[in-house]
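Work through the exercises below with the structure in view. Try each task before reading its solution.

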Amino acid sequence: MFKGVWLLMIFEIFYCQNAKSTQTYSFEEANIRVQSSFRAIDAVCGTTHTYNIIPGGVERKSLDACLNVLRIKLLNVQINKTGECATWNVTDPSPIQCKSISYSVR
C-alpha cells in the first residue's frame with residue numbers, strides 16, 4: 001500500500017511541475033533557443049550578431065512566435081541567400097516578435 005501512495009505522490013509532483021513547464025520556457029532554454037536560431041542564420045549569411053539576453057522565464061506562446069519567425073527567416077535565407085542576407089546584415093535584425101517576448105523575473 002505504501003508503494004502505491006509513494007508512486008501516486010511522485011506522479012502528482014511530476015504532473016504539477018510538468019503542467020507549469022508546458023506554459024513557460026526557463027531562462028536557459030529560452031536563451032539557447034534564440035541563440036541557436038540567430039547562429040543558424042548567421043552561419044548561412046556569414047554574419048555575426050549578438051542579441052539581448054532574455055532575463056527570466058518566458059511565456060511559451062511568446063517565444064514560439066519569435067522562433068517561428070526566425071525559422072521562416074532561415075528558410076528564406078537558404079532559398080534566396082543574396083536578398084535575404086542583405087536584410088539580415090543590419091545592426092539589429094531581430095523581428096518584432098522577438099523584441100516583444102513576454103518574460104517574468106521571480
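The exercises that follow concern a predicted model and go from the whole chain to single residues.

**Exercise 1. The overall layout**

Task: State how many helices and strands the protein has, and in what pattern they follow one another along the sequence.

Solution. Step 1: a count gives 5 helices and 3 strands. Step 2: reading along the sequence gives the pattern α-β-α-β-α-α-α-β.

**Exercise 2. Burial, surface and contacts of the whole protein**

Task: Find what percentage of the residues count as buried, what area the protein exposes, and what percentage of the contacts with a separation of 6 or more come from residues 24 or more positions apart.

Solution. Step 1: the protein has 106 residues, and 27% of them count as buried. Step 2: the exposed area is about 7,700 Å², with 60% of it supplied by carbon and sulfur atoms. Step 3: among contacts with a separation of 6 or more, 80% are between residues 24 or more positions apart.

**Exercise 3. Helix 2 against helix 3**

Task: Describe how helix 2 and helix 3 pack, and sort the residues of their contact by class.

Solution. Two packed helices are described by the angle between their axes and the distance between the axes. Step 1: helix 2 covers residues 27-45 and helix 3 covers residues 60-79; their angle is about 15° and their axes are 10 Å apart. Step 2: angles under 35 degrees count as roughly parallel, so helix 2 is roughly parallel to helix 3. Step 3: the crossing of these two helices is left-handed. Step 4: from helix 2 the contact includes Ala-30, Val-34, Ser-37, Phe-38 and Ile-41, and from helix 3 it includes Leu-63, Leu-67, Leu-70 and Leu-74. Step 5: by class, the residues of this contact are 13 nonpolar, 2 polar and 2 charged.

**Exercise 4. Helix 3 against helix 4**

Task: Do the same for helix 3 and helix 4.

Solution. Step 1: helix 4 spans residues 81-88, and its axis comes within 6 Å of that of helix 3, crossing at roughly 135°. Step 2: an angle over 145 degrees would count as roughly antiparallel, and 65 to 115 as roughly perpendicular; helix 3 and helix 4 are therefore oblique to each other. Step 3: the crossing of helix 3 and helix 4 is left-handed. Step 4: Leu-70, Lys-73, Asn-76, Val-77 and Ile-79 of helix 3 meet Lys-81, Glu-84, Cys-85, Thr-87 and Trp-88 of helix 4. Step 5: the classes in this contact are 5 nonpolar, 2 polar and 3 charged residues.

**Exercise 5. Three single residues**

Task: Decide whether Ser-37, Cys-45 and Ser-62 are buried or exposed, and list what each touches beyond four places in sequence.

Solution. Step 1: buried means under 20% relative accessible area. Step 2: Ser-37, in helix 2, has 16% relative accessibility and so counts as buried. Ser-37 is in contact with Leu-67 and Leu-70. Step 3: Cys-45, also in helix 2, is buried because its relative accessible area is 15%. The contacts of Cys-45 are Val-77, Lys-81, Cys-85 and Trp-88. Thr-82 is 37 residues from Cys-45 in sequence, but the two C-alpha atoms are 8.3 Å apart in space. Step 4: Ser-62, in helix 3, has a relative accessible area of 11% and is therefore buried. Ser-62 touches Gln-97, Ser-100, Ile-101 and Ser-102.

Note on methods: Residues numbered from 1 in each chain as written. Predicted model: local features only at pLDDT ≥ 70, side-chain atom pairs only at ≥ 80, totals over all residues. Heavy atoms only, no water. Helix = DSSP H or I, 4+ residues; strand = E, 2+ residues; numbered from the N terminus. Buried < 20%, exposed > 50% of the residue type's maximum accessible area, 1.4 Å probe, protein only. Contact = heavy atoms within 4.5 Å. Areas by Shrake-Rupley, 256 points an atom, 1.4 Å probe, with all protein chains shown as cover. Axes fitted to C-alpha atoms, helices over the stretch in contact; angles between N-to-C directions. Left-handed = near helix turned anticlockwise from the far one by under 90°. Nonpolar A, V, L, I, M, F, W, Y, C, P; charged D, E, K, R; others polar.
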